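Visitor: I should like a close look at a single part of this structure, set in the context of the chain around it. Please begin with one side chain and work outward.

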Amino acid sequence: MKDNDFLKPGDTIAHSNKQLMESPEVEKIAEIVIERESLDFGPAEIGYFLVYPNLSKYKAAKCVKASREVQYYSGNNYLIEISGEMWDMLDQKTREMVLFHQLMHVDPVYKAKNQEWKMKIRKPDFSDFYEINDKYGNDWYKTVQATVSSLYDLDPKRESKVSL
């Protein structure tokens with residue numbers, strides 16, 4: 001059979017000079033965090049992606065609710081995207097904390113009246129998630145900001161603008 005121009009499993013998607021790649025490595029680390037923190041997402045499915053070189057100079061990672069079409073084609077209810085260059089520079093502990101932070105956004109809610117799950121995105125408490133700060137502090141967050149700042153040679157005043 002002749003090859004065509006369609007994507008094959010494992011192919012990367014380039015858009016605006018950015019590459020979006022599924023990451024089994026990120027998924028494995030997420031599984032460690034989910035088990036350690038006893039997180040329960042019901043039937044929600046989460047896709048994990050690295051974006052190269054980055055999401056943006058000021059956005060290190062994000063969690064989004066998948067559109068109806070993305071859910072249909074991928075089976076994922078949520079997508080966690082992480083800036084690839086930053087990810088490659090982080091130590092294991094900081095990687096786990098970045099994922100923990102992103103997983104805290106995943107908020108499937110069971111609606112008993114309709115007997116169905118509604119997939120929602122949870123906003124952080126105040127400036128971050130209290131659960132993370134109370135248990136682990138925020139040094140990891142400063143590490144993320146410093147890493148991104150050094151990667152993109154940001155002015156020290158702008159380092160605090162780097163967010164998850």
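What relative accessible area does Lys118 have, and in which class of exposure does this place the residue?

Guide: In this predicted model, where residues are numbered from 1 along each chain as its sequence is written, local features need pLDDT of at least 70 and side-chain atom pairs count only at pLDDT 80 or more. Totals for chains, interfaces and linings use all residues, and side-chain values use heavy atoms, without hydrogens or water.

Lys118 is partly exposed, because its relative accessible area is 42% (buried is under 20%, exposed over 50%, partly exposed in between, with a 1.4 Å probe and protein chains only). The residue sits in strand E7 (helices, H or I, of at least four residues and strands, E, of at least two are DSSP runs numbered from the N terminus). Together with Lys65, Lys111 and Lys120, Lys118 forms a positive surface patch (residues with over 30% relative accessible area and no salt bridge, like charges joined within 9 Å and nonpolar side chains within 5 Å; Lys and Arg count as positive, Asp and Glu as negative).

The strand that holds Lys118 follows a loop with a backbone feature of its own. Gln115 lies in that loop, between strand E6 (106-111) and strand E7 (116-121). Its phi is near 50°, a positive value in a residue other than glycine. Gln115 counts as exposed because its relative accessible area is 62%.

A second positive phi, of about 55°, belongs to Ser38, which is likewise not a glycine. Ser38 is placed in the loop between H1 and E3, and it counts as exposed because its relative accessibility is 63%. That loop, between helix H1 (24-36) and strand E3 (46-52), also holds Glu45. With a relative accessibility of 43%, Glu45 is partly exposed. Glu45 belongs to a patch of negative charge on the surface, formed with Glu22, Glu27 and Glu31.

From this loop one passes into strand E3, where Phe49 is found. Phe49 is buried, because its relative accessibility is 13%. Between the C-alpha atoms of Phe49 and Leu20 the distance is 6.4 Å, while 29 residues separate the two in sequence. Further along, the peptide bond from Tyr52 to Pro53 is cis, with omega near 0°. Pro53 is in the loop between E3 and strand E4 (61-65).

Charged pairs link several of these elements to other parts of the chain. Counting a salt bridge as a side-chain nitrogen of Lys or Arg within 4 Å of a carboxyl oxygen of Asp or Glu, one finds seven in the model. In one of them Arg95 pairs with Glu25, the closest N and O atoms being 2.7 Å apart. This pair links distant parts of the chain, with Arg95 in helix H4 (residues 92-103) and Glu25 in helix H1, 70 residues apart. Arg95 is buried, at 12% relative accessible area, whereas Glu25 is partly exposed, at 37%.

Another salt bridge joins Lys135 to Glu37, with 2.9 Å between the closest N and O atoms. Lys135 lies in helix H5 (residues 130-136) and Glu37 in the loop between H1 and E3, so the pair ties together parts 98 residues apart in sequence. Lys135 is exposed, at 53% relative accessible area, and Glu37 is buried, at 12%. These two residues belong to a network of salt bridges that also includes Arg36 and Glu96.

Between strands, Glu81 and Lys62 meet in a salt bridge at 3.9 Å, N to O. Glu81 lies in strand E5 and Lys62 in strand E4, so the pair ties together parts 19 residues apart in sequence. Glu81 is buried, with a relative accessible area of 14%, and Lys62 is partly exposed, at 31%.

The setting of these details is a chain with six helices and seven strands, in the order β-β-α-β-β-α-β-α-α-β-β-α-α from the N terminus. Of its 164 residues, 37% are buried. The mean pLDDT (the predictor's confidence in each residue, from 0 to 100) is 90, and 88% of the residues reach 70 or more. Among the elements, strand E5 (residues 78-83) has the highest mean pLDDT, 98, and strand E1 (residues 13-15) the lowest, 57. Where pLDDT is low, predicted coordinates should not be read in detail.

Key. Areas by Shrake-Rupley, 256 points an atom, 1.4 Å probe, with all protein chains shown as cover. Charge placed at Lys NZ, Arg CZ, Asp CG, Glu CD.
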